[in-house]
Amino acid sequence: MLRSYFKIAFRNLLKNKGYTFINIAGLAAGMGVALLIGLWIWDELTFNRNHKNYDRIAQVWQHNLYNGEKRSQVSNPYVMAEEIRNNYGSDFKYVIQSSWNFGRILTVGERKFNKSGMYWEPEVIDMFSIKLLRGDPEQALKDPYSIVLSESVAKAYFDDADPIGQTMRINNKNDVKVTGVYEDMPHNSKFRDMSFIMPWDLYIIENEWIKTMTNPWGSNFTQTWAMLAENADMELVSVKIVDVKLNKVDEGGRNYKPEVFLHPMSKWRLYSDFKNGQNVGGRIEFVWMFGIIGVFVLLLACINFMNLSTARSEKRAKEVGIRKSIGSMRAQLINQFFSESIVVAILAFIFSLGLVYLALPAFNDVAGKKLTLLWNSPTFWLIGLAFSLITGILAGSYPALYLSSFQPVKVLKGTFRVGRLASLPRKVLVVLQFTVSVILIIGTIVVFRQIEFAKDRPIGYERNGLINIYLQTPDIHNHFEAVRNELKSQGAILEMTEAGSPTTQVWNSNGGFNWTGKDPALAVDFPNNGVSHEFGKTVGWKFKEGRDFSREFASDSNAFVINEAAAKFLALENPIGETLTWNDRPYKIIGIIEDMIIESPYEPVRASLWHIDRNDNANLVILKLNPEMSSHDALEKIKTIFTHYSPESPFSYEFVDIEYARKFSDEERVGKLASFFAILAVFISCLGIFGLASFVAEQRTKEIGVRKVMGASVVNLWGMLSKDFLILVIISLVFAMPFAWYVMHNWLQKYQYRSDIAWWIFVAAGVGSITLTLLTVSYQSIKAAMANPVNSLRSE
């Protein structure tokens, strides 16, 4: 019986090749979208799952009251790990600390590259189940002067030779021995960019100031990681350690009201956003959004199948009547129609695999992923088969129930007519299709408009022609004036400066500030960048009041330039000339600049300060290229001079405008993916409209012939055939527009600096939808209207 079902199903599909193509093409596109989104969601949900202790690992975070606002941060005092180990040891297997992911120059002979890695305590290998391909995991990080390399980095330096015991030079300063090689981290891991691991003890040796700190709880510069004991509960332990810092800080530190808590590894990727001390989600919003889009795009494709199957009901009515008259049960007919839809779904799934294979490189590029089809995985094929069956059943459910309900007596007597109400479900489904498509179109336009709105926001400095060169050795700092003068004399740059932080990130913030009228209980924390005197001229910041730093004034070594947000926060009547004390040292405010967009372009600018660096803490130099010289020639001159003064450092740089553009990467990625899915949704909807228009034109052939004989013009007939579809699209616009406004209005609320939802967006979406519908329907309408009426009326 099953064989018969599928045999008849294939015959029907081959008999109606045009409709079969439309059904398979629509379902293949819909299933392809669902597959791509499914792979993307799976990659997100399995982030960091490569670690065996996934459910027991957490990162130690803290909430602090900064400037009257509760903020959450991942950085901790370096004594945090030891304090938790000593006082809550029974709740944890490991509590360790690490540095941030730093860039270091690794040199072996003539091979020298700038690689990023971290300093860790020895337990990191077992805690994060790092797979060592070479070396002893128990001893790999015991020696302070050791290093463990990723597999790819080891190959870059030593080719296929055994690297164990080989010596590497770090930042042209310390020699370390390779004690291990670990398997590269997968792309969907937090540590995918970690190229090496060095001992925490070496970090302490390199930063001698750490041991001399008089207030170790007052500075946050490390990361703390924890792995719970076997039977410990994450939430209960998190509550236990809440006051671990509060109990250690001095009276001034208590004003920040620190609250320590555990952030589980399961939430690192998808639930990383905090607001006022509460976890408010994060990338999980994208997972839900794309999941819903995938379901709806697949539903659009299933609707096409339903509509075309039920529209052709009169052509299959006699088949149903004959089958019922010779004894077929309704259940058997339902099985027959389901078999047809499942065959179509399986064929569509096969074609969708081809589409996904072709689309994956471009999709990965847009999504920032490394997704692949799991051809060799039995689980993948089982899921694919189940996916095809579910899609086939979903698409075939309504046609199977509808077609199997025909009464054989009416069909065989010739009195069966589908009636006007029979087309009502099809019309509802078409409205649903275009409602979803229009919502996606409006949403995509709003996303891109929000991105452009933020890009057009004044950033407070001139980023064009600025480049950052990050310093790993002190060579350039020690010869700063010589390098600057040579570059200027050769016409390569207009100006050059040193800085502790780039103009696109905050690397340092401080408390301990006081000023006239400040509430003693107010705990403050300001981004605070130590720079050289040329900083303002280099970046082109814009003064509202006061002046820039100048070497002519020795007092500028104890001066601040502040931004507008800081001037407003300090609430001083005339800030210029006022004194701001920092750790009891007086600084005079000499200038107020326009707010610079350093952090998120969607958020308000924080109160920020700049001062002259007296402690040799420069982390980078910023150069303003000379616009009268080509960038290529300027960079060649810069490379020559930098290499002369720092021969052991590989020359690398980054354009500031490119770094700034990365701030929009998440939103641009969402916009591009949404536009891709919106285009496919519209394509699927138009494909269904095309099929329905073809059927309607075929069904009304004689009517068109009679009207043409009676004098109807091609335009009249085109309008008659297009009108019904146009009405359906207009109805869909009525439903889609308010819903799209509601969804996108709520989405925009998460941005404090946001665009409005302009009226023209809805007009553009409406006009575009109507135009596409008319273009899609017009081919069949005009073709039917221009047909010779003699051919259609000959049988009459």
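# Reading salt bridges, a helix and cavities

Modeller: The structure holds 30 salt bridges. It is a predicted model.

Biologist: What can side chains of opposite charge do when their charged atoms come close?

Modeller: Such side chains can pair. Here, Glu-259 and Lys-70 meet through their side chains in a salt bridge, at 3.3 Å from N to O. That pair links distant parts of the chain, with Glu-259 in strand β13 and Lys-70 in strand β2, 189 residues apart.

Biologist: Is Glu-259 buried or exposed?

Modeller: Neither label applies: Glu-259 counts as partly exposed because its relative accessibility is 28%, and buried means under 20% while exposed means over 50%. Lys-70, at 27%, also counts as partly exposed.

Biologist: Which residue does Lys-455 meet in a salt bridge?

Modeller: Lys-455 meets Glu-668, at 2.6 Å from N to O. This pair too links distant parts of the chain: Lys-455 is in helix α14, Glu-668 is in helix α21, and their positions lie 213 residues apart in the numbering.

Biologist: Where are the partners Glu-462 and Lys-542?

Modeller: Glu-462 forms a salt bridge with Lys-542, with 3.8 Å between the closest N and O atoms. Glu-462 sits in the loop between α14 and β16, and Lys-542 in the loop between α17 and β21. Glu-462 is partly exposed at 38%, and Lys-542 is partly exposed at 35%.

Biologist: Which residues are linked in a network of salt bridges?

Modeller: The network links Asp-43, Glu-44, Arg-269, Arg-283, Lys-369, Asp-666 and Arg-669.

Biologist: Now a helix. How many residues does α23 have, and where does it bend?

Modeller: An α-helix has 3.6 residues a turn, so residues three or four places apart point the same way. Helix α23 covers residues 714–748, 35 residues in total. From first C-alpha to last it reaches 47 Å, close to the expected 51 Å. At Lys-723, α23 bends by about 40°.

Biologist: How many cavities of 30 Å³ or more does a search of the whole structure find?

Modeller: A cavity is a space where a probe fits but cannot get out. The search finds four of 30 Å³ or more. The largest has about 150 Å³ of space. Its lining has 14 residues, and Ile-469, Tyr-470, Phe-642, Ser-649 and Pro-650 lie nearest the centre. By class, that lining has eight nonpolar, six polar and no charged residues.

Biologist: Which strand gives the most to the lining of the second largest cavity?

Modeller: Strand β20 does, with three residues. The second largest cavity has a volume of about 100 Å³, and 16 residues line it.

Technical notes. Residues are numbered from 1 along each chain as its sequence is written. This is a predicted model: local features need pLDDT of at least 70, side-chain atom pairs count only at pLDDT 80 or more; totals for chains, interfaces and linings use all residues. Side-chain values use heavy atoms; hydrogens and water are left out. Helices (H or I, at least four residues) and strands (E, at least two) are DSSP runs, numbered from the N terminus. The expected span of a helix is 1.5 Å times one less than its number of residues. The bend at a residue is the angle between axes fitted to the seven residues ending there and the seven starting there. A salt bridge is a side-chain nitrogen of Lys or Arg within 4 Å of a carboxyl oxygen of Asp or Glu. Buried means under 20% relative accessible area, exposed over 50%, partly exposed in between (1.4 Å probe, protein chains only). On a 1 Å grid over the protein atoms alone, a cavity is a set of points where a 1.4 Å probe fits but cannot get out, and a pocket is an open set with protein on both sides within 12 Å along at least five of seven lines; lining residues have an atom within 4 Å of a point. Grid points are joined across faces, edges and corners, and a volume is the space filled by probe spheres set on the points. Ala, Val, Leu, Ile, Met, Phe, Trp, Tyr, Cys and Pro count as nonpolar, Asp, Glu, Lys and Arg as charged, and the others, Gly among them, as polar.
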